[in-house]
Amino acid sequence: MSEAVREVPKKERPEFRNIHVTQLSNYRLPLAGVVSILHRISGLLMFALLPFALYLMELSIRSEISFVYFQGIAANPLVKLILLALVWGYMQHFCAGVRHLVMDLHIGLDKDSARKSAATVLLISLSLTALVGLKLFGVF
């Protein structure tokens with residue numbers, strides 16, 4: 001006796017493939033991914049600009065004459081932009097680091113909370129950077 005083998009229809013599962021370099025412009029990274037990448041970029045920025053920042057700090061505390069020289073260097077708009085980039089790197093890295101520490105405590109791991117915390121990190125870090133930038137460029 002042969003029984004007819006009944007085929008069970010297979011559920012179609014989504015197929016995930018690696019993307020090619022040419023497809024990167026079409027790929028939309030979630031906000032949490034953007035914050036994660038910015039966290040890494042800001043850490044690299046702070047590390048790369050550390051010698052510059054230490055040099056400026058060393059100039060400012062050496063003597064009164066060197067402090068005046070430092071003020072002349074810091075008055076240059078290009079130097080102010082570099083300092084503002086360093087401030088952004090610090091603010092972004094700090095805020096995203098706090099976010100990652102909270103997530104290490106298993107708080108806010110679901111998709112909706114992660115999106116909200118990523119948006120909060122961007123909003124806070126950019127707001128603080130804008131405030132420092134306004135102060136740096138003499139608005140108040």
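User: Let me start with one residue: in which helix does Ser42 lie?

Analyst: Ser42 lies in helix α1, which covers residues 31-62. Keep in mind as we go that this is a predicted model.

User: Thanks! How many helices and strands does the protein have?

Analyst: There are 4 helices and 0 strands. Going along the sequence, you read the pattern α-α-α-α.

User: Back to the serine, then. Is Ser42 buried or exposed?

Analyst: The idea is to look at relative accessible area, where a residue under 20% counts as buried. Ser42 has a value of 0%, so this residue is buried.

User: Which residues is Ser42 in contact with, leaving aside its neighbours within four places in sequence?

Analyst: Ser42 is in contact with Trp88, Gly89, Gln92 and His93. Helix α3 covers 77-104, so you can find those four partners within that range.

User: Now the overall form. What radius of gyration does the protein have, and what would a compact globule of 140 residues have?

Analyst: A compact globule of that length would come out near 14 Å, but the protein has 25 Å. Along the principal axes, the C-alpha atoms fill a box of roughly 105 × 35 × 25 Å.

User: What percentage of the residues count as buried?

Analyst: Of the 140 residues, 24% count as buried. As for the surface, the protein exposes about 11300 Å², and carbon and sulfur atoms supply 67% of that area.

User: How should I read the contacts along the chain? What share comes from residues 24 or more positions apart?

Analyst: Among contacts with a separation of 6 or more, residues 24 or more positions apart account for 74%.

User: Let me try a helix. What span should α4 have, and how far apart are its end C-alpha atoms?

Analyst: The general idea is to allow 1.5 Å a residue and compare the result with the model. Helix α4 has 26 residues, 111-136, so it should span 38 Å; its end C-alpha atoms are 37 Å apart, which agrees.

User: Which residues of α4 are buried, and what covers them?

Analyst: The buried ones are Ala114, Ala118, Val121, Leu122, Ser125, Thr129 and Gly133. Their cover includes α1 and α3.

User: And Arg115, where is its place?

Analyst: Arg115 is also in helix α4. At 43% relative accessibility, this arginine counts as partly exposed. Its C-alpha atom is separated by 29 Å from that of Ala48, although the two are 67 residues apart along the chain.

User: What should I look for in phi angles?

Analyst: Most residues other than glycine have a negative phi. His106 is not a glycine, yet has a positive phi of about 65°. You will find His106 in the loop between α3 and α4, and this histidine is exposed, with a relative accessible area of 64%. Gly138, which follows α4, has a positive phi near 80°.

User: Where is Pro9, and how far is it from Ser125?

Analyst: Pro9 sits in the segment before α1. With a relative accessible area of 71%, Pro9 is exposed. Pro9 and Ser125 are 116 residues apart in sequence, and their C-alpha atoms are 52 Å apart in space.

User: One last point: how many positive and negative side chains are there?

Analyst: The protein has 14 positive and 9 negative side chains. The centres of the two sets lie 6 Å apart.

Conventions. Residues are numbered from 1 along each chain as its sequence is written. This is a predicted model: local features need pLDDT of at least 70, side-chain atom pairs count only at pLDDT 80 or more; totals for chains, interfaces and linings use all residues. Side-chain values use heavy atoms; hydrogens and water are left out. Helices (H or I, at least four residues) and strands (E, at least two) are DSSP runs, numbered from the N terminus. The radius of gyration is taken over C-alpha atoms; the globule rule is 2.2 Å times the number of residues to the power 0.38. Buried means under 20% relative accessible area, exposed over 50%, partly exposed in between (1.4 Å probe, protein chains only). Contact means heavy atoms within 4.5 Å. Accessible areas come from the Shrake-Rupley method with a 1.4 Å probe; for residues, only the protein chains shown count as cover. Lys and Arg count as positive and Asp and Glu as negative; His and the chain ends are not counted. The place of a charge is taken as NZ of Lys, CZ of Arg, CG of Asp or CD of Glu. The expected span of a helix is 1.5 Å times one less than its number of residues.
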